[in-house]
Amino acid sequence: MVKIDKLLASCLSEIEKCDSLKKIESIKNVIFGKNGKITQVMDELRRLDKEGKRKLGAEINFVKDEITRHLDLKHSKLQSREINKRLESEFVDVSAPARPRSFGKIHPLTKVAEEIENILSYYGFVCADGPDLENEYYNFTALNMPDHHPARTMHDTFYINVPSGEKGRYLLRTHTSPIQIHSMLANTPPYRFFSIGRVYRSDSDATHTPMFTQVEGLVVEKNVGFAHLKWIITNFLKKFFAVKDLSIRLRPSFFPFTEPSAEVDLNYEIKNGEIVFGRGDKWLEICGGGVVHPNVLRHGNVNPDKYQGIAFGFGVERLTSLKYGVPDLRGYFESDERWRNAFGFHHVF
Ligand code: PHE
């Protein structure tokens with residue numbers, strides 16, 4: 001009995017000392033293995049008589065149960081310690097900011113297109129689209145510029161050398177105004193649409209590129225007029241240039257598709273070498289617009305006795321250059337990485 005007590009005590013102290021899951025396996029072997037401590041005691045059983053066998057057998061069973069219980073306890077203790085250790089070392093901070101990675105930069109026109117979209121959506125305008133390859137009907141005729149209208153020659157049009165369609169010749173759109181017609185034909189008023197798109201004119205110098213970007217706005221509602229046009233342009237510019245007070249100047253102008261028409265100048269001054277918008281004694285042409293001509297409404301299936309329209313168009317490169325100080329128009333389309341690094345915007349996650 002003394003011997004078996006000692007055996008239990010020595011096994012338990014070994015289990016107590018054990019500090020890893022791997023060691024537990026070898027301890028199990030030392031105790032219960034082929035030449036293990038318990039196995040040796042079991043051998044002694046064979047030499048005993050019936051009574052002795054019963055007594056020692058019961059003791060051995062008790063010791064075995066006790067050892068197994070301690071082994072299990074130790075095993076689960078070590079296991080949870082190891083799991084906690086792993087959790088600590090493999091901890092992932094899901095709230096940590098992403099590592100900055102270089103994806104190149106966002107083109108300033110993309111950035112500004114997004115800004116324009118945000119502002120016009122705020123005023124209830126919905127994005128509309130149209131094809132770059134247009135038919136002259138939508139680019140000119142439906143916009144109140146019939147064949148041989150002198151305004152057609154002002155647009156320096158790229159005609160496309162493909163057979164004419166039912167509605168006339170094909171060309172690269174010279175402005176985004178044909179989208180007015182597509183939008184009117186596809187919808188029932190009242191509505192407010194805007195489009196941002198590339199337009200093409202055969203013209204190239206420091207202030208003109210054969211391709212540039214326009215934003216077009218169209219409102220067709222009951223009783224909408226020139227005052228609304230002034231209001232929306234003023235508020236658009238206030239938001240775009242982030243200034244509280246801003247004055248614009250409307251100069252009478254001519255577009256075949258609007259009557260009356262105006263060119264819009266933006267007020268600015270130069271202060272400490274910086275351009276300040278909305279005040280001062282300098283003016284910069286920034287937009288064209290007017291009240292949509294009844295003929296244009298008719299071409300869009302809108303009854304001019306019921307509805308009126310206002311429309312406006314901005315040059316997106318000009319807006320961008322003014323806001324972000326981009327000097328030369330040509331850089332926008334040259335895909336020069338140095339230019340993009342200088343004027344582009346970082347991605348924001
Ligand atoms: N489409 C005109 C241009 O390209 C601008 C404009 C748009 C004028 C809408 C009036 C109304 O010059």
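A residue counts as exposed when its relative accessible area is over 50%, and as buried when that value is under 20%. Asparagine 223 is therefore exposed, since its relative accessible area is 66%. All of this comes from a predicted model. The residue sits in the loop between strand E5 and helix H9 (226–241), and its backbone is a bit unusual to look at: phi is near 60°, a positive value in a residue other than glycine. Asparagine 272 tells a similar story. Its phi is near 50°, again positive and again not in a glycine, and the residue is found in the loop between E7 and strand E8 (274–277). With 78% relative accessibility, asparagine 272 counts as exposed too, because the cut-off is 50%.

Now for the ligand. The space it takes up is the largest pocket. There are 14 residues around the ligand, and those that come nearest are His175, Ser177, Arg201, Gln214 and Glu216. Three of these can be pinned down through polar side-chain atoms. For histidine 175, such an atom lies 3.0 Å from a nitrogen atom of the ligand, while for serine 177 the distance to a ligand nitrogen is 2.9 Å. Arginine 201 deals with an oxygen instead: an N or O atom in its side chain is 3.0 Å from an oxygen atom of the ligand. On its own the ligand would expose 320 Å², and the protein buries 91% of that.

As for who builds the shell, strand E5 (211–221), strand E9 (282–292) and strand E10 (308–315) each supply at least two residues. E10 gives the most, with three residues. Sorted by class, the shell around the ligand holds eight polar, four nonpolar and two charged residues.

Helix H11 (residues 316–324) contains threonine 320. Threonine 320 counts as buried, because its relative accessibility is 0% and the limit is 20%. Its side chain reaches the backbone oxygen of valine 316 at 2.6 Å.

Finally, the cis peptide bonds. One joins proline 189 and proline 190, with omega at about 5°; proline 190 has its place in the loop between helix H8 (178–186) and strand E4 (191–200). Another cis bond joins glutamate 259 and proline 260, where omega is about -5°. Here the proline is part of a strand: proline 260 lies in E7 (residues 258–271).

Notes
Residues are numbered from 1 along each chain as its sequence is written. This is a predicted model: local features need pLDDT of at least 70, side-chain atom pairs count only at pLDDT 80 or more; totals for chains, interfaces and linings use all residues. Side-chain values use heavy atoms; hydrogens and water are left out. A residue is near a molecule or strand if one of its heavy atoms lies within 4 Å of it. A polar contact is a pair of N or O atoms within 3.5 Å; within protein, one must be able to donate a hydrogen and the other to accept it, and residues adjacent in sequence count only if both atoms are side-chain atoms. Accessible areas come from the Shrake-Rupley method with a 1.4 Å probe; for residues, only the protein chains shown count as cover. On a 1 Å grid over the protein atoms alone, a cavity is a set of points where a 1.4 Å probe fits but cannot get out, and a pocket is an open set with protein on both sides within 12 Å along at least five of seven lines; lining residues have an atom within 4 Å of a point. A molecule sits in a cavity or pocket if more than half of its atoms lie within 2 Å of its grid points. Helices (H or I, at least four residues) and strands (E, at least two) are DSSP runs, numbered from the N terminus. Ala, Val, Leu, Ile, Met, Phe, Trp, Tyr, Cys and Pro count as nonpolar, Asp, Glu, Lys and Arg as charged, and the others, Gly among them, as polar. Buried means under 20% relative accessible area, exposed over 50%, partly exposed in between (1.4 Å probe, protein chains only).
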